[in-house]
Structure formats: C-alpha cells, structure tokens
Amino acid sequence: MAEALTDTTASKKKLVRDLQRVISDAEELLQATASETEGKVVEMRERIRENLMAAKHKLGDIEDTIAAKTKEAARVTDEYVHDHPWQAIGTAAGVGLLIGLLIGRR
C-alpha cells in the first residue's frame, strides 16, 4: 500500500511540475503579446490570464493535498514501525539484501 501511495504521490508531483511549466510558458506568452492591441488578441489574452489565475489556485490546492497526504503516509509508517519494530527491521534487511545482490551482479 505504501508503494502505491508513493507512486501516486510521485505522479502528482510530476503533474504539478508540468503544470507549473505550462503556467510559466503561458505567462511568457502573455508578456510577449502585451504590445498587441487588436480587439481579438486583447480578449484572448484576458481569457488566458483568467484561466491562468484559476490554474494557479487549483495548483496550490493540489500541492496542499499532496503535502497533507505525504505527511499522513509518513505518520502511518512511523506508527507501523513503532508498533512492529522487528517486522520493519526484517523488511529493511531483506530489501537491503536484495539491493546488495542486484548491485553485486553488475
């Protein structure tokens, strides 16, 4: 379950980075077309500006959600390790052994 949560969190973080890049590019486009004064261009620029503001707001909400879920996953993991220390040690040793074997094969 923790692995699925980690994968989901990583995917969401990548999505957030991609959205931030798109927003940044759109803002550059708005600045580059600032000198255009034709009615249609001005109208389109205003619509893009409004959509960017909405996207930034939603992006902030997504980042807050990711942070909250990450903290919750860390808390649950911490509780599990405290409740089952020997199982956690055994799991960590097993994972370490597998990584060691994989590295040693190269």
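**Three helices, spread out**

The accessible surface of the protein chain adds up to about 8700 Å², and carbon and sulfur atoms account for 62% of that. Everything described here comes from a predicted model. The fold has a short parts list: three helices and zero strands. Read from the N terminus, the elements simply go α-α-α. The radius of gyration of the protein chain is 23 Å, well over the 13 Å that the globule rule gives for 106 residues, so the chain is more spread out than a compact globule. The C-alpha trace tells its own story about the outline, spanning about 70 × 35 × 15 Å along its principal axes. As for the interior, buried residues make up 9% of the 106 residues in the chain. Contacts between residues at least 6 apart in sequence were also tallied, and 68% of these join residues at least 24 apart.

Helix α2 covers residues 39-83. How far should the 45 residues of α2 span, and how far apart are its end C-alpha atoms? At 1.5 Å a residue the expected span is 66 Å, and the end C-alpha atoms are 66 Å apart, so the two values agree. Several α2 residues are tucked away from the surface: R45, L52, L59 and I66 are buried.

One of these buried residues, I66, turns up again as a partner of T9. T9 sits in helix α1, which takes in residues 2-32. Is T9 buried or exposed? With a relative accessible area of 14%, T9 falls under the 20% cut-off and therefore counts as buried. Once its neighbours within four places in sequence are set aside, T9 is in contact with I66 and T70. T9 also shows how the fold brings together residues from well-separated places in the sequence: T9 and K69 are 60 residues apart along the chain, yet their C-alpha atoms are 8.1 Å apart in space.

E36 gives another view of the chain. This residue is found in the loop between α1 and α2, and at a relative accessible area of 37% E36 is partly exposed. Which residues does E36 touch, leaving aside its neighbours within four places in sequence? The contacts are with V41, V42 and R45, and R45 is one of the buried residues of α2. A68 is another matter: E36 and A68 are 32 residues apart along the chain, with 43 Å between their C-alpha atoms.

Charged side chains come next. Side chains of opposite charge can pair when their charged atoms come close. How many salt bridges does the structure hold? The count is three. One of them joins the side chains of E27 and K56, with a distance of 2.3 Å from N to O. This pair ties together distant parts of the chain, since E27 belongs to helix α1 and K56 to helix α2, 29 residues apart. Both partners are partly exposed: E27 has a relative accessible area of 28%, and K56 has 38%.

The remaining pairs involve R75. E72 and R75 meet through their side chains in a salt bridge of 2.4 Å, N to O. Both residues lie in helix α2, three residues apart, which is about one turn of the helix. R75 also forms a salt bridge with E79, where the closest N and O atoms are 2.3 Å apart. E79 and R75 again share helix α2, this time four residues apart, about one turn of the helix. Taken together, E72, R75 and E79 are linked in a network of salt bridges. As for their surroundings, E72 is partly exposed at a relative accessible area of 38%, R75 is partly exposed at 38%, and E79 is partly exposed at 40%.

The surface has a nonpolar side to it as well. Which residues make the nonpolar surface patch of about 280 Å²? V95, I99 and I103 do. I103 lies in helix α3, which runs over residues 85-104. The relative accessible area of I103 is 58%, above the 50% cut-off, so I103 counts as exposed.

Note on methods. Residues are numbered from 1 along each chain as its sequence is written. This is a predicted model: local features need pLDDT of at least 70, side-chain atom pairs count only at pLDDT 80 or more; totals for chains, interfaces and linings use all residues. Side-chain values use heavy atoms; hydrogens and water are left out. A salt bridge is a side-chain nitrogen of Lys or Arg within 4 Å of a carboxyl oxygen of Asp or Glu. Helices (H or I, at least four residues) and strands (E, at least two) are DSSP runs, numbered from the N terminus. Buried means under 20% relative accessible area, exposed over 50%, partly exposed in between (1.4 Å probe, protein chains only). Patches are made of residues with over 30% relative accessible area and no salt bridge: like charges are joined within 9 Å, nonpolar side chains (Val, Leu, Ile, Met, Phe, Trp, Tyr) within 5 Å. Accessible areas come from the Shrake-Rupley method with a 1.4 Å probe; for residues, only the protein chains shown count as cover. Contact means heavy atoms within 4.5 Å. The expected span of a helix is 1.5 Å times one less than its number of residues. The radius of gyration is taken over C-alpha atoms; the globule rule is 2.2 Å times the number of residues to the power 0.38.
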